[in-house]
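Dear colleague,

I am passing on the structure we spoke about, placed just below, and after it you will find what I was able to read from it. Please keep it open beside this message as you go through.

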Amino acid sequence: MADLTSKLTQRISKTQGQSPQRKFPRATGLVLLVAAIALLGAFPLLPFVNNYLIDVGFIVGIYALLGLSLNIVLGEVGLFDLGHMAFCAIGAYTTGILFHQLHLPIVILLPISAIVAGGFAYLVTSPVIHLRGDYLCIVTIGIGEIVRLVLQNNPGGLTNGPNGIGNIGNPDFGLFSIQSPTQFYYYIWIVIGLVIIGLINLQKSRVGRAWNYIREDEIAAKANGIDVRAFKLLAFVLGAAIAGIAGNIYASKYMFIEPNNFSFMESALLFCIVLLGGLGSIPGSLLGAAVIVIFPEIFRQFASYRLLFFGAALIVMMIFRPGGLWPRRREGLGFAGLGIRKLPRDENALLAEAPVPPRPGTVPLKTYRLPPVTVAMSEGLILETKAITLKFGGLVAVSNFDMSVVTGKITSLIGPNGAGKTTLFNVITGIYRPNKGKVVFQGRDITKLKPHTIIGAGIARTFQNIRLFPSLTCIENVMSGPHCHAKEGTWPAVFRTPAQAREERKIVELASYRLNQVGLWAFRNELAKNLPYGKQRLLELARALATSPSLLILDEPSSGLNDKETEDLMAMLQVFLGEGFTMLLIEHDMNVVMGISDWVTVMDMGSKIAEGPPREIYNNPLVIEAYLGKEED
Amino acid sequence: MAAVLQVETLFVSYGAVEALKGISLELDEGDIVAVLGSNGAGKTTLLKSISRLLVPRSGSIRLRGADINKFAPYQLIQQGIAHVPEGRKVFATLTVEENLRMGVFGVRTMAPGKEYKKTREWIFRLFPRLLERRKQLAGTLSGGEQQMLAIGRGLISKPSLMLLDEPSLGLAPVIAQEIFRVIRQIHQEEKVSILLVEQNARKALGLARYGYILETGKIAIQGEACDLRNDERVKAAYLGGAKVNISACGSMS
Amino acid sequence: MDTLIQQLINGLTIGSFYALVALGYSMVYGVMKLINFAHGDLFTLGSYIGYTVLVVGASWVTATFGIWGGMAIALVAAMIGIGVAGLVMERIAYRPVYKAGRLPLVVSALGMSFVISQGIMAIWGPNPQAYLSGWTPKDFLQFGNIRVPVLQIAILVLALGLMALIYWLVERTTFGAAIRAAAQDRDTATLMGINFNLIIFFVFALGPALGGMAGVMQGLKYTRISFNMGWLYGLKAFTATILGGIGNIPGAMIGGLLLGVMEALFEGYVSGAWKDVFIFLILILVLIWRPTGLFGEKTAEKV
């Protein structure tokens, strides 16, 4: 197995610029997949397989389904959820209670359990979804315990307390009902198959990518127009719904449920399944579930030592394979890994179709092939900050700051280190809210808008310290740009509707165009973190451009670049200017500032000390003083 | 004069980025040397390498002739090095007094005795404002006061060599003035050798005897401070304009 | 009124166990940013070490050193044993995983939790054990209508004394300031001459040692101990830690005592069965109101 995975993770495309040559051809992968499915399908029919083993297979299925459901929350979005069994409990008890109280058939209760569990997740997580890492972790543990204890305390006589609920019926599909171990085995694995198809479709869609963007860098995700809160909640609701389905199937198989089925220990096991398999990896979750169930079974003869071994195995795994047994691989798959239908085999063909670049400020996805809309290119102001003040504790970072950016021009904001320039950018893009003052963009007050809304309105930015999505490929990074203009949500992604497929195609086309424009097309299938520094800056630029903004805010775009790269960057910025992008830069390299700015604003100690055309600024004594210090002799 | 610090062809990189590309410099006992340059030139990287917070790719750093790698990072303060980091880095949840006590944590001879008390009095004389605020949490101080505390915390171990990283960063001119006055004073009275990293070139060159100008990880210009002060190329290095050629310097005017 | 006082004393007693365990969570978290899920099981292990000392010594320990001497020896043995266990745990389960990031660390901690609790079961068996009544004093002190066992008072005094000691050590001494400094900014602390490895050594020895002593105290007070009791104590203590603001030492103590008292009062006046639901609800409400706990983010901000 280890051999196989290491083969899988080998770098596939060594030669850049060509569509990747698969060392591990698609056909072989398909054969393996078919073999795996065939093995799963034939398992109960094998001669040595008895009912006990079939039941083990069923249990693996239950844990796999739960692992897949937690993988959405923990693996895809990176949220610490250590109380996931609560959602399974809600599903199981919904089934048990409604079966007895309303005599609804188990099959009808399956979707109802999913909906109730999902709704429950929405109710309990929406007030706490903003909590960070460990705080969210304890809250999920708390929710898990509350649910278990409530079930145990038998409110209104519904849950029957610690005695649990028995005599739950079997699923009955009218023509046939599911009763024997073999039937249950097929039942759970067919459900898993369906769920996996949906999850893969979701994973390889704008929704799945948005989840990964959040996991990789929440701030960068926000600044690229991802509604972080909504997507986190979606992950919880969906994960809970699938856990609810698992609860329903579990209840109908054993016909009996009790609160202790859903203890913290079980939640902790699910957590281990996801990490053993690999974060965000669907086959990993299956493998993790198999390990968790089968490992203790193998050590059954050691009776009381088996969980001891299991704990030790967990530690050893994390020391030697912290990424999991079967981590999700992204690089070297080519665009096929994006899961978008009917892409040309040759990725260069995608580029050759050369979509007309969208006009800045237009919503690209629906209109970018249409003749450009005329945007007023007058000397109007695109952005104004009015008397912005922001304090951090005792420090006044920005003080009463007025600045304006003229449409269609390059404005530079300069000033010594620590002057407050980046802080001002953070105010404009909604990361910080000012204590006083207003930000007006295209005549609209955007001071109170959330970052992701501001991006949608047409302001894109890059970061001083580069904030990419490091473990995603370059093309995936840039595909976050069009996200804020895309419409198709969860269900169209799950069912791959034609509209969703068209939209995905436009996203990848637009991203390809921008990636090529900054000269990174050859690196499209590389992970962002493997790029050299200068190229990472360009990638961030491409990602910002791909949001088709009216105003592009660049925080020290030339920092860390060598002279040649800086020259290329300047030329590129001129091209963008020609395309109609308005730009606002923070820059330290005065060659860049003096070379391409139309207007320079100088900031020192949080205040504006000068503004004007570059030449004037260059000789302004106040500016020289701010940089070099006062002449004193 | 003997060299207290010698840096030879130092290369440092962060992953793919090369931050220092062969820096060599020297600091004599009792001297002040300034390292100047714009943001990202590699100034802080240089100081962090000297303090062994970063591991250089190659090159050597010698402290009074001894290889600096002989000492664990936390032992350097015992060797008389005090590094005042960029951005003040005071311990926000500790009081002013506790911050000062941290300054001698690694110096066995200082522990809590008389000597410490005497030095602390001296620091309070240098920065009377710290005395007023000695019980306050450092996080509640203003930027200037935090910088004073950071320098005081460096001084309290009675170092023979101070590495000062942008002591005027983000400070109002009056306060920066004050800080520079104190640096001059400790240099003159205590004969501390000082390696001063600054953006504020005129101030730093007013204080230092010798200066190095860093540009993207290389030394672009070096020379006597009084010469550099009037050198057009220094202005150019900061404000752009004419490309600077690297040339041996020293007696140019 | 009398029941109220009785409940308060009971609450403070169990709260002081939570607080001692919470201190360990908070110290380790403050310096390493790691939730040590095995911490509750170290509490159990401490309890079993104390039990073993008294069982193996049987009549001998108690007869030679008297009841008080026997209890003291059990406590010291647990303190030393668990301190060492904490260091070993850091070495084998955490140090090799630090660089892999936080999620693998969580799994490693959960694995360690299994190893310790299952190890206890393998050694001492799956059935609960009991601290024998001959090991503890049976006297009562009478205050008006309230009878309080001398043992309980002794435990409370010891626990509060330990807390005061830790408070003094961390908040009042130079070494304590160094711990806080290292927790805040490792690099700058190194520049000050603070040896970070020494700090790690200290928190991983002292934090668990406190938990181990709490384990013995709980055995002396409630007599029944079992291999899996650690997770509930651990969970409550972790809740207390978060309630007080994780990484904050006084916060952990106050959080623990508060939790114990709230629990006892709720149990006494409302319902025993629902007390844990109540506790977790309080936790969630506090976090909604203050996302970093009651005393989190101690850095005072000038407004």
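To begin with chain B, its exposed surface comes to about 10000 Å², of which carbon and sulfur atoms supply 50%. Please bear in mind throughout that this is a predicted model, and that the values below are computed from it.

Chain B contains 9 helices and 10 strands, and 58% of its 253 residues count as buried. If one takes the contacts in chain B between residues at least 6 apart in sequence, 67% of them join residues that are at least 24 apart. Towards the end of the chain B numbering you will find strand β9 (residues 210-215) and strand β10 (residues 218-224), which pair in the antiparallel sense over 6 bridges. Within this pairing Y210(B) stands opposite E224(B) of β10(B). The two strands form a hairpin with 2 residues between them, and T216(B) takes a positive phi there, near 35 degrees.

Chain A has 633 residues, of which 57% are buried, and its secondary structure consists of 25 helices and 10 strands. The surface that chain A exposes is about 24500 Å², with 61% supplied by carbon and sulfur atoms. Among the contacts of chain A with a separation of 6 or more, 75% are between residues 24 or more positions apart.

One part of chain A that repays a closer look is an open sheet of 4 strands, whose order is β2-β1-β4-β5 and whose pairing is antiparallel. The edges are taken by β2 (395-406) and β5 (444-445) of chain A, and because each has a single partner strand, one side of each is left without a neighbour in the sheet. Strand β1 (residues 381-392) of chain A is joined to β2(A) by 8 bridges, with the two running antiparallel, and one of the residues to look for is L390(A), whose bridge partner in β2(A) is V398(A). In general, strands of a sheet pair through backbone hydrogen bonds, in either a parallel or an antiparallel sense. Helix α16 (residues 421-428) of chain A lies across β1, β2 and β4 (436-441) of that chain, and its direction makes an angle of about 115 degrees with β1(A).

Further along chain A, D568(A) sits in helix α22 (residues 563-579). Is this residue buried, exposed or partly exposed? D568(A) counts as partly exposed because its relative accessibility is 37%, which lies between the 20% and 50% cut-offs. Its C-alpha atom is separated by 9.5 Å from that of V518(A), although the two residues are 50 apart along the chain.

Lastly, chains A and C meet through 44 residues of chain A in contact with 44 residues of chain C. The area buried between these two chains is about 3800 Å², and carbon and sulfur atoms give 83% of it. On the chain A side, D134(A), Y135(A) and I138(A) supply 17% of the area buried against chain C, more than any other three residues.

On the chain C side, helix α11 (residues 275-289) has 15 residues and reaches 21 Å from its first C-alpha to its last, close to the 21 Å expected. Its buried residues include V277(C), F280(C), I284(C) and L287(C), and the buried residues of α11(C) pack against α6 (133-152) of chain A together with α9 (230-244) and α10 (249-269) of chain C.

With best regards

Conventions:
Residues are numbered from 1 along each chain as its sequence is written. Chains are lettered from A and ligands numbered from 1 in the order in which they are written. This is a predicted model: local features need pLDDT of at least 70, side-chain atom pairs count only at pLDDT 80 or more; totals for chains, interfaces and linings use all residues. Side-chain values use heavy atoms; hydrogens and water are left out. Buried means under 20% relative accessible area, exposed over 50%, partly exposed in between (1.4 Å probe, protein chains only). Contact means heavy atoms within 4.5 Å. Accessible areas come from the Shrake-Rupley method with a 1.4 Å probe; for residues, only the protein chains shown count as cover. Two strands pair if DSSP finds at least two bridges between them. Axes are lines fitted to C-alpha atoms, for helices over the stretch in contact, and angles run from 0 to 180 degrees between N-to-C directions. The expected span of a helix is 1.5 Å times one less than its number of residues. Buried area is the accessible area (1.4 Å probe) that two parts lose on being put together, summed over both.
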